[in-house]
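This report follows the strand pairing and the nonpolar cores of one protein chain. The sequence and the model are shown first, and the description comes after them.

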Amino acid sequence: MITRRIASGWPQRLCSGAVVAATLIAARGHSDETPSPLKAATEQATAAASPQEPPPAKKLFKGKVVKTHEAIKRRGVKAYPEELKNQVALETTDELIPILPDWRGRAFYQDERLRDRDVELIGFRRSGLPYLNVLAVYTFDDKGRRHYTDYWCDICSIPMYEIKPCDCCQEEIRLRSEPQELSKDIAPK
Ligand SMILES: [Zn+2]
């Protein structure tokens, strides 16, 4: 299973990239202690809108992730495509839900192999926000079998969730998909 691979992958290698990154973050945090009005305002705004409460229950969302401007055009709505050109959304049978470009949703912005195909996404929407927070991605092969889909470094045997050099060895990673059923506790949206 995937969890076992993560657990067994990490201790086998000393991941120097991660150590460097952690050191950089620590150094940056230390030098950024001067209070500034912008920082205070940002913190205040973040606190006001902050998702401090636990995220809503995970649900299953089905559809295709598409370029927002193309989906809007198909509906006969006019909008300037250049303003929307990077946006992607999950097109379900009754809705267009923008994908939050965070650690998991970003792959849909980066990787056209994940777009314009049937997907099932486990995720949630926070109240007052239109975005879908994606937590897990399932695609389907040509026989209709469901595959859990992420990225994988063959050298380090670790999963990743967006296109970038491997966190550990900095080499190229690959899109990975493995047959997997949904867990039974996931409710449709
Ligand atoms: Zn690697």
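## Terms and overall composition

A residue is called buried when 20 or more other C-beta atoms lie within 10 Å of its own, and exposed when 12 or fewer do, with C-beta atoms placed from the backbone. The model discussed here is predicted.

The protein chain holds six helices and nine strands, and 15% of its 189 residues count as buried. Among the contacts that link residues at least 6 apart in sequence, 55% join residues that are at least 24 apart.

## Strand E4 and its two partners

Strand E4, which spans residues 118-124, presents two faces: Val-119, Leu-121 and Gly-123 make up the covered one, whereas Asp-118, Glu-120, Ile-122 and Phe-124 make up the uncovered one. Strand E1 (residues 59-67) runs antiparallel to E4 and is joined to that strand by six bridges; within this pairing, Gly-63 has Val-119 as its bridge partner in E4.

E4 also pairs with strand E5 (residues 133-140), again in the antiparallel sense and over six bridges. Here Val-119 has Thr-139 as its bridge partner in E5, while the partner of Leu-121 in that strand is Val-137.

## The hairpin of E5 and E6

E5 pairs in turn with strand E6 (residues 146-153), in the antiparallel sense and over three bridges, and Phe-140 finds its bridge partner in Arg-146 of E6. Five residues lie between the strands of this hairpin, in which Gly-144 takes a positive phi near 80 degrees.

## Nonpolar cores

In soluble globular proteins, nonpolar side chains tend to be buried together. In this model the largest nonpolar core has 14 residues, and those with the most contacts inside it are Val-65, Val-88, Leu-90, Ile-99, Leu-121 and Leu-132. At least two residues of this core come from each of E1, strand E2 (88-91), helix H6 (106-110), E4 and E5. A second core, separate from this one, has six residues, including Ile-158, Met-160, Cys-168 and Ile-173.

Which residues does Ile-99 touch, not counting residues up to four places away in sequence? Its contacts are Val-65, Val-88, Ala-89, Leu-90, Gly-105, Phe-108, Tyr-131, Leu-132 and Val-134. Leu-121, listed with Ile-99 among the core residues with the most contacts, belongs to the covered face of E4.

Definitions and conventions: Residues are numbered from 1 along each chain as its sequence is written. This is a predicted model: local features need pLDDT of at least 70, side-chain atom pairs count only at pLDDT 80 or more; totals for chains, interfaces and linings use all residues. Helices (H or I, at least four residues) and strands (E, at least two) are DSSP runs, numbered from the N terminus. Two strands pair if DSSP finds at least two bridges between them. Two residues are in contact if their C-beta atoms, placed from the backbone, lie within 7 Å. A nonpolar core is a set of buried Ala, Val, Leu, Ile, Met, Phe, Trp, Tyr and Cys residues joined through C-beta atoms within 7 Å.
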